Amino acid sequence: QVQLVESGGGLVQPGGSLRLSCAASGSDFNIYSMGWHRQAPGKQRELVAAITMVGATNYGDSVKGRFTISRDNFKNTVYLQMNSVEPEDTSVYYCTTGTYNSPFGYWGQGTQVTVSS
């Protein structure tokens with residue numbers, strides 16, 4: 001019912017910056033929050049950041065102070081500003097959304113972020 005399309009991934013050097021975008025389409029009724037998860041090879045998916053419809057945010061411990069999540073409700077778009085990136089940030093980043101009872105029930109296809117010199 002909800003489609004999420006990520007963009008903005010690519011190759012970036014350590015210490016650099018990258019901005020990811022996610023455009024939502026379809027029905028957004030009952031959506032409580034949007035966010036970003038990531039999954040690197042051999043690792044489980046982890047929360048990167050999430051934001052509710054009223055602007056409350058939550059960040060994974062590994063990205064606090066470096067990444068910032070934001071929304072443009074008029075454009076149904078969520079962003080992830082990635083600063084001071086590290087090689088450990090290399091992963092596929094997934095845009096996620098869901099309801100209050102199931103916060104991350106919908107996932108996008110993902111966009112690759114590679115941090116390397």
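Two strands count as paired if DSSP finds at least two bridges between them, and with that in mind this tour of a predicted model can begin at a sheet.

**First stop: the open sheet**

Select strands β1, β3, β8 and β7, which form an open sheet in that order with antiparallel pairing. On average, neighbouring strands here are turned by 20 degrees against each other, direction ignored. Look next at β1 and at β7 (67-72), which stand at the edges with a single partner strand each, so that one side of each is left without a neighbour in the sheet.

Now walk across the sheet strand by strand. Strand β1, residues 2-7, pairs with β3 in the antiparallel sense over 6 bridges, and if you select S7 you will find S21 of β3 opposite. From β3, 6 bridges lead on to strand β8, residues 77-82, again running antiparallel; here S21 stands opposite Y79 in β8. Another 6 bridges join β7 to β8, also antiparallel, and S70 is the residue to select there, since S70 stands opposite Y79 as well.

**Second stop: a charge over Y79**

Stay with Y79 and add R19 to the selection: R19 lies over the face of the Y79 ring, at 4.4 Å from the ring centre.

**Third stop: Y94 and its neighbours**

Move to Y94 and W107, one of the 2 aromatic pairs that a search of the whole structure finds. Their ring centres are 5.8 Å apart and their planes stand at 65 degrees, so the pair is edge-to-face. Y94 belongs to strand β9 and W107 to strand β10, and the pair links distant parts of the chain, 13 residues apart. Is Y94 buried or exposed? At 12% relative accessibility, Y94 counts as buried, whereas W107, at 31%, counts as partly exposed. Before leaving, select R45, which lies over the face of Y94 at 4.3 Å from the ring centre.

**Last stop: a pair between loops**

Finally, select Y32 and Y100, whose ring centres are 5.2 Å apart and whose planes meet at 90 degrees, so this pair too is edge-to-face. Y32 lies in the loop between β3 (18-26) and β4 (33-39), while Y100 lies in the loop between β9 (91-98) and β10 (106-107), so the pair ties together parts that are 68 residues apart in sequence. With the surface switched on, consider how the two are placed: Y32 is partly exposed, with a relative accessible area of 36%, and Y100 is exposed, with a relative accessible area of 60%.

Terms used. Residues are numbered from 1 along each chain as its sequence is written. This is a predicted model: local features need pLDDT of at least 70, side-chain atom pairs count only at pLDDT 80 or more; totals for chains, interfaces and linings use all residues. Side-chain values use heavy atoms; hydrogens and water are left out. Rings of Phe, Tyr and Trp (its six-membered ring) pair if their centres lie within 6.5 Å; planes under 30 degrees apart count as stacked, over 60 as edge-to-face and the rest as tilted. Helices (H or I, at least four residues) and strands (E, at least two) are DSSP runs, numbered from the N terminus. Buried means under 20% relative accessible area, exposed over 50%, partly exposed in between (1.4 Å probe, protein chains only). A charge sits over a ring if NZ of Lys or CZ of Arg is within 6 Å of the ring centre and within 35 degrees of the ring normal. Axes are lines fitted to C-alpha atoms, for helices over the stretch in contact, and angles run from 0 to 180 degrees between N-to-C directions.
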